[in-house]
Every structure is written in structure tokens, then in C-alpha cells.
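Biologist: Please take a close look at the aromatic rings and the charged side chains around them. Which pairs form, and how are they placed?

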Amino acid sequence: MFFRTNLSVLIVFYIFGLSCQVTSHKVTPYVSNSSSETLPLSPKPKSFVEFQTIKVADWEASLAGLLDLDDPKAKSAGLKDRLEPIAIYFYVIKHPKYGSFMIDSGMGENFPKGEEGSRVSSIVESQMHFDKLKVYETTKAYLIKNKIDLKGVFFTHLHLDHTLGAYEIDRSVPFYVGPGEVTTRQFINLFVQGSTNRLLGENPNLVQLDFGKSESEIAVLDFFGDQSFYVLSVPGHTPGSLAFYIPAKEGAHLVLGDTCHTGWGWNENVTPGFFTTDRKLNRKSLDFLKGLGAKQNLKFVYPGHQERILISEKK
Ligand SMILES: [Zn+2]
């Protein structure tokens, strides 16, 4: 998700053609030419990963940011802008051979209050309703408590609400982001770059996936090469937004990231609103994920900021 900035300030920056990357930290490319356009219809994993969801915090956000209220379905449902209850999650996957990975970074201790709160600039803080955060789990404490030796973090994208715990993670751990997520320049980043830099922490090991396709194309990568964990490049919400398809023992999990924030958005196939950068591409990517949901035998779908949806019960 994202926040609304003062329009006149935006216009001034836009006129002068100013823009920058979401973070000025150094990024290493990770090139893979083995991506495809679709998933195998029935993946047969050679090994299974364990998958877990961790609820980090309850929060609230503008419904007009979470959902396109101009969509005919939103209109006919009579949806109007208001604060919608949402949550922040991270996910843990454990691969029997390659170890433990996180999807998104949770939240640092004492955030946003206390000295860690200063990692976020006051303009960002004023827009993000941090006073509404009710935190249940912090990242470093969780990793220690569960004796997790982290081998990598995949970011669904680098919006601030997904990077709040990154600075607590060991500097050697690779932070994987989608194609173009760091290298795309956008003028909105002028407002968030400082905060994103501080949240990622000093010298993060940032790695930008390159699926060997144009950055606006949807692509699928069998990350471990054993059909156990698929990284899906679904641009639109941000340039390098990622989703994940995980055929686990108990059934397949589909992690949507913020390509779809809400349960209602998934069920009605309505894209996010003003939190999304490129609504047309977001539409294409959500259609791809909906199509995948119809073809693959899914057990759970995870909207970016609301409760998972149990698919098998609905059939
Ligand atoms: Zn978000």
C-alpha cells in the first residue's frame, strides 16, 4: 500500500521531471533465463516446503487505496471511502535442503514508537496512520524464539509497510526483490526514499531478480528448481511486485502480495485503488493470478492485507 501526498507538491516535482529510485542502496542483479510464462499445470515437487503465516499487526487503511472504488462492482456494492481494518503479515517457508526464507520482513521492535520510529520521515508518518497499529510480533524476536537461521527474504514489493522489520535482519541475508523494483525511477519515490533506505538498514544485501523478460511482463520462476516454490513476477502495484505459488503437502498456497490487498477484492476480482502505481498492469497481473487460481488446485489464497481465503470450502 501507499499514501496520498499533497497534490500541489507532486505537481511541482512532476513539472521539473524529478524522480528517483525507491532506495539508493546498491542492488545486485540475479539473472535467470529459466523463467516461463505459466506454471506447470500440476507441479510435482521433488521436495515440499513448509509454509507458515505470521500476523504482525492489525492496522487501518483507506478503502479507496485498497480497492478501485470506480470499478462497477465496487459501485454496485455501494462502497465508499472509509478506514478499512487490515493487517500486516509475513510468511516463513522452510525448504528441507535450502533452509528458511521469509516473504516480507515483518516489523522491528519498538516500531513506530521509540527511537526506531525515526526511521520513517514525518511526512510519511503523517500519512500512514501508524497510531492505529496494534503490534503482535516483531521480526528479530520471532526469528530468535523459533531458532530460524534465515537464508533469504523475498519482498512482495518495497512499499514501507513491507519493509518495517528489514533493519533487524542480519546484513548477510539476501533481500530478493522483483524485476525493476529498485531500478525503476519514479517521482513519488522522492518522498519515501529516505524512509525506505533507513528501514532496509545499513548495507542491505539487495538482490533484484531478472527473469530474462521485459519488466512489464508476467513471469514464473521455479526458484529452487524442484517445483516446490514459484516466484511470480506480477508487475503493476509496483514495478517489481511479486506473488508466490507454493505447492505444499497440505495443498497449494497462493500469496498475492499487494496485487490484491483484500478478501473482497480477490472474490470480486477488483484491483487496488490509489495505492497502486500502474492500474492497467495491476489488472493484467490480478487476472493472471485469478486464472492461476482457477486452474491450479489451491487450498489457500493470501490477500496482501487481510485473512487468508480457504478455497476448498467454497467448492
Ligand atoms: Zn502493503
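Modeller: Aromatic pairs come next, then charges over rings, then salt bridges. Keep in mind that this is a predicted model.

Start with the rings. A pair of aromatic rings is described by the distance of the centres and the angle of the planes. The count here is 22 aromatic pairs. One of them joins Phe51 and Tyr91. Their centres are 5.8 Å apart, with 20° between the planes. That angle is under 30 degrees, so the pair counts as stacked. Phe51 belongs to strand β2 (residues 50-62), and Tyr91 to strand β3 (residues 83-95). The two residues are 40 apart, so this pair links distant parts of the chain. Phe51 has a relative accessible area of 11% and is buried. Tyr91 is buried as well, at 3%.

Now compare Phe300 and Tyr302. Their ring centres lie 6.2 Å apart, and the planes meet at 55°, so this pair is tilted. Phe300 is buried, with a relative accessible area of 10%. For Tyr302 the value is 2%, so that residue is buried too.

Ring pairs also build a cluster. Its members are Tyr30, Tyr98, Phe101, Phe154, Tyr176, Phe223, Phe224, Phe229 and Phe244.

Next, charges over rings. Arg119 places its charged end over the ring of Tyr167, 3.8 Å from the centre. Lys290 does this with Trp266: its charged end sits over that ring, 4.2 Å from the centre.

Last, the salt bridges. The whole structure holds 7 of them. Among them is the bridge between Lys213 and Glu37, whose closest N and O atoms are 3.5 Å apart. Lys213 lies in the loop between β8 (205-210) and β9 (219-222). Glu37 lies in the loop between β1 (27-31) and β2. The partners are 176 residues apart in sequence, so the bridge ties together those parts. Lys213 is partly exposed, at 24% relative accessibility.

Arg82 and Glu84 form another salt bridge, at 2.5 Å from N to O. Arg82 is partly exposed, with 42% relative accessibility. Its partner Glu84 is buried, at 14%.

Lys145 and Glu137 also meet in a salt bridge, with 2.9 Å from N to O. Lys145 has 54% relative accessibility, so this residue counts as exposed. Glu137 has a relative accessible area of 18%; the cut-off for buried is under 20%, so Glu137 is buried.

Definitions and conventions. Residues are numbered from 1 along each chain as its sequence is written. This is a predicted model: local features need pLDDT of at least 70, side-chain atom pairs count only at pLDDT 80 or more; totals for chains, interfaces and linings use all residues. Side-chain values use heavy atoms; hydrogens and water are left out. Rings of Phe, Tyr and Trp (its six-membered ring) pair if their centres lie within 6.5 Å; planes under 30 degrees apart count as stacked, over 60 as edge-to-face and the rest as tilted. Helices (H or I, at least four residues) and strands (E, at least two) are DSSP runs, numbered from the N terminus. Buried means under 20% relative accessible area, exposed over 50%, partly exposed in between (1.4 Å probe, protein chains only). A charge sits over a ring if NZ of Lys or CZ of Arg is within 6 Å of the ring centre and within 35 degrees of the ring normal. A salt bridge is a side-chain nitrogen of Lys or Arg within 4 Å of a carboxyl oxygen of Asp or Glu.
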